[in-house]
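Reader: I have a model open and would like to learn how to read it. Where should I begin?

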Amino acid sequence: MWSSEGMIKRFDLSSLDVHGRVFTESEFSSLSFNKTGSRVVYLAERKTRKGVSFFKQNPKENEEPGEVYRYRESWGEQLEKCVDSVMCVLDLTTGSVTVIEMPENVFCSKPAWCGDDLLYFVGMKTFPFKHGAIYCWNRPGHLMSCDLTSKEFSCHTPEGKSVYMPSPNHETGNVAFLMCDCDGAHRKYMDVVVFYPQNSTLLPCNKDGVLMVSGGILRVVPDSCFFGQLSPSPWMDRENLVVVAYEEVQSLVAKLSTQTGELEYLLDSDKDRVCLNVLDQAGSQILLSISEVRPPKDAKQNVYFCDLSSTSCLDAYLPTIARSTKCKYQVKHFAREGREYNGILVSPGEDILDLKTLIVFPHGGPHSMYTTAFRPDTYILAQLGYSILMVNYTGSLGLGSVSLNTLPGHVGDIDVKDVQHAAEDC
């Protein structure tokens, strides 16, 4: 722990020997203080005994004979070190750690405090398999909570849903999170949902998007379906959230009303085609990163602080940023077979495009997207005299849910033909 004067306290978790490796993977990890700042929650691997051979003489107490080659399923795809999670609460006064075991077939992700004794987290299902935590956003899971006083777990969302980014409001006790169906595209547009805690039972969802669930009410924020994320500590006040939404070729920061669903962007989407992201947030005060294909001549202009209590639009407040003139770019719009899509063409300073030096970038995914945020590789290639076309083909994020759902079943056909058409149409 650090203060403005330096390090004031240090905790050696390995010496306590109550759990395994601490998770640092962004898909699962958390390091969150409770309301009074007396405890910290984090995730770690469950402590297990080391597997050794049946033939080892005099195995140690922490060794398990015959388990040396036992297969333990991990999350795979760059998460092969993540096998079995436990939620750990560090008491900053005593230095002790309380280890909370998860229910069967539940993997804990992104725990967050609500007050001092209640933790909300995403309970990801591990049955029938764990694979798909990074690139598949439609993994089955629930919004769950754990009362540290009673050590009881509760589940607050129905079956067949994917849940991400639970963010409790310490003032009201309400929890905002993202939710979508488990079927269809592996990355998709998600609804912003607010959980209002109160005693109730599970009832069918009505036409207004209100669902009675165990321990409270779920309410889908009207017209809030978008691709993006909640900002860190997204609650501005009792009713408004800060979100990052991806649209066309930009990431934009917006204020979202949980009552009306009104989305108020902090920047005109056509203003210089810049990309905004939230680095940190404390109530209405947010720290933004500002990025564009052309880097600024002064790196300090990449970061901007604003207070949303005094302004709702940054157009009049953002400084004029002097950017590199060593490359230029334009957003290109294409159409094929009645479907519209786009691309970003980055080129050297010359006005004439030489197709002999054109490099075409199709993104992976396939449900992903290119934005106008700065990329070192495209900037360097432009300095070497190449032009780069980054294609957001049909099915890319940022083009809407209709385009997104067109691609499944046609991967390798629609996307490939869109890229070829874009290259020929430049």
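**Reading the model**

Author: Begin with one residue: Gln78 is exposed, because its relative accessible area is 57% and the cut-off for exposed is over 50%. Keep in mind that this is a predicted model.

Reader: What is the sign of phi at Gln78, and where does Gln78 lie?

Author: Gln78 is not a glycine, yet its phi is positive, at about 75°. The residue sits in the loop between strand S6 (63–65) and strand S7 (85–91).

Reader: Which element holds Ser233, and is Ser233 buried or exposed?

Author: Ser233 belongs to strand S18. It counts as exposed, because its relative accessibility is 51%. Ser233 also has a positive phi, about 50°, although it is not a glycine.

Reader: Now the whole chain. How many helices and strands does the protein chain have?

Author: The count is 4 helices and 28 strands. Of the 426 residues, 48% are buried.

Reader: How do I read the radius of gyration of the protein chain?

Author: Compare it with the value for a compact globule. For 426 residues that value would be near 22 Å, and the protein chain has 24 Å, so the two agree. The C-alpha atoms fill a box of roughly 75 × 60 × 55 Å along the principal axes.

Reader: And the interior?

Author: In soluble globular proteins, nonpolar side chains tend to be buried together. Here the largest nonpolar core has 41 residues; those that touch the most other members are Val192, Leu241, Val243, Val253, Ile286, Leu288 and Leu308. Several strands each supply at least two residues of this core, among them S14 (175–181), S15 (191–197) and S20 (250–257).

Reader: Which strand gives the most to this core?

Author: S19 does, with 6 residues. A second, separate core has 35 residues, including Met87, Cys108, Ile134 and Met144.

Reader: Which residues is Val192 in contact with, leaving aside neighbours within four places in sequence?

Author: Among them are Phe177, Leu178, Phe226, Leu241 and Leu256, and also Arg219 and Ser224.

Reader: Which peptide bonds ending in Pro128 and Pro366 should I look at, and are they cis or trans?

Author: Look at omega. The bond from Phe127 to Pro128 is cis, with omega near 10°, and Pro128 is in the loop between strand S10 (118–125) and strand S11 (141–147). The bond from Gly365 to Pro366 is also cis, with omega near 5°. Pro366 is found in the loop between strand S27 (358–362) and helix H2 (376–383).

Conventions
Residues are numbered from 1 along each chain as its sequence is written. This is a predicted model: local features need pLDDT of at least 70, side-chain atom pairs count only at pLDDT 80 or more; totals for chains, interfaces and linings use all residues. Side-chain values use heavy atoms; hydrogens and water are left out. The radius of gyration is taken over C-alpha atoms; the globule rule is 2.2 Å times the number of residues to the power 0.38. Buried means under 20% relative accessible area, exposed over 50%, partly exposed in between (1.4 Å probe, protein chains only). A nonpolar core is a set of buried Ala, Val, Leu, Ile, Met, Phe, Trp, Tyr and Cys residues joined through side-chain atoms within 4.5 Å. Contact means heavy atoms within 4.5 Å.
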